[in-house]
Amino acid sequence: MKSFQIILRDAARHECIEEVVSFVGEDFSGSFGILAGHDRMITNLVFGLARFRTEDGPWEYLAMPGGMLYFTDNMLHIDARRYLRSDDYENISQALVDILAAEEQ
């Protein structure tokens with residue numbers, strides 16, 4: 001199965017996720033998906049959840065208050081002020097609500 005890498009960066013850390021087979025995110029035009037071999041693209045992610053899946057893993061979720069996405073040469077770069085990562089949809093959804101409440105204050 002073809003795969004790509006995700007490189008996540010925020011103000012405090014970075015990590016590289018190998019063998020990603022699918023990514024689903026949302027920008028101002030709506031939801032979109034990325035598979036290995038996708039054309040080069042750049043977009044601004046909106047506040048919310050994105051998700052990805054590795055070859056052998058379950059869906060994982062990223063909660064972000066927006067961010068910049070750049071895909072080229074089978075590498076997906078995501079830069080955000082901060083992000084949360086979890087495979088537990090309920091917990092990360094609640095964390096996203098908490099982030100939104102904190103940003104509104």
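# Welcome to the structure: helix H1 and its surroundings

The buried residues of helix H1 are Ile-92, Ser-93, Leu-96 and Ile-99. They share the same side of H1, because the arc they cover around the axis is only 115 degrees. Please keep in mind as you look around that this is a predicted model. Below you will find notes on the helix, the aromatic pairs, the charges over rings and two individual residues.

**Helix H1**

- H1 runs over residues 89-104, and its 16 residues reach 23 Å from the first C-alpha to the last. That is close to the 22 Å expected at 1.5 Å a residue.
- On their side of the helix, the buried residues of H1 pack against S4, S5 and strand S7, which spans 84-86.
- Turn to the face of H1 that points away from the buried side, and you will meet the exposed residues Glu-90 and Asn-91.
- The N-terminal end of H1 is capped by Asp-88. A side-chain oxygen of Asp-88 lies 3.1 Å from the backbone nitrogen of Glu-90.

**Aromatic pairs**

- A pair of aromatic rings is described by two things, the distance of the centres and the angle of the planes.
- There are 3 aromatic pairs in the structure. One of them joins Phe-4 and Phe-71: the ring centres are 5.5 Å apart and the planes stand at 90 degrees, so this pair is edge-to-face.
- Phe-4 belongs to strand S1 (residues 4-9) and Phe-71 to strand S5 (residues 59-72), so the pair links distant parts of the chain, 67 residues apart.
- Both partners are hidden from view: Phe-4 is buried at a relative accessible area of 3%, and Phe-71 is buried at 0%.
- Tyr-61 and Tyr-89 form another edge-to-face aromatic pair, with 5.2 Å from centre to centre and 65 degrees between the planes.
- This pair also connects distant parts of the chain, with Tyr-61 in strand S5 and Tyr-89 in helix H1, 28 residues apart.
- Here the partners differ in exposure: Tyr-61 counts as buried at 16% relative accessibility, whereas Tyr-89 is partly exposed with a relative accessible area of 42%.

**Charges over rings**

- Arg-13 places its charged end over the ring of Tyr-83, at 4.1 Å from the ring centre.
- Arg-53 has its charged end over the ring of Trp-59, and here the distance to the ring centre is 5.8 Å.

**Two residues to visit**

- Asn-44 is part of strand S4, which covers residues 41-54. With a relative accessibility of 39%, Asn-44 counts as partly exposed.
- Asn-44 and Met-68 are 24 residues apart along the chain, yet their C-alpha atoms are separated by 4.7 Å.
- Leaving aside residues up to four places away in sequence, Asn-44 touches Glu-26, Asp-27, Phe-28, Gly-67 and Met-68.
- His-77 sits in strand S6, made of residues 75-79. His-77 counts as buried, at 16% relative accessibility.
- With residues up to four places away in sequence again left out, His-77 touches Ile-7, Arg-9, Met-68, Leu-69 and Tyr-70.
- Met-68 is a handy landmark, as it appears among the contacts of Asn-44 and also among those of His-77.

Technical notes: Residues are numbered from 1 along each chain as its sequence is written. This is a predicted model: local features need pLDDT of at least 70, side-chain atom pairs count only at pLDDT 80 or more; totals for chains, interfaces and linings use all residues. Side-chain values use heavy atoms; hydrogens and water are left out. Rings of Phe, Tyr and Trp (its six-membered ring) pair if their centres lie within 6.5 Å; planes under 30 degrees apart count as stacked, over 60 as edge-to-face and the rest as tilted. Helices (H or I, at least four residues) and strands (E, at least two) are DSSP runs, numbered from the N terminus. Buried means under 20% relative accessible area, exposed over 50%, partly exposed in between (1.4 Å probe, protein chains only). A charge sits over a ring if NZ of Lys or CZ of Arg is within 6 Å of the ring centre and within 35 degrees of the ring normal. Contact means heavy atoms within 4.5 Å. The expected span of a helix is 1.5 Å times one less than its number of residues. The arc is that of the directions from the helix axis to the C-beta atoms. A polar contact is a pair of N or O atoms within 3.5 Å; within protein, one must be able to donate a hydrogen and the other to accept it, and residues adjacent in sequence count only if both atoms are side-chain atoms.
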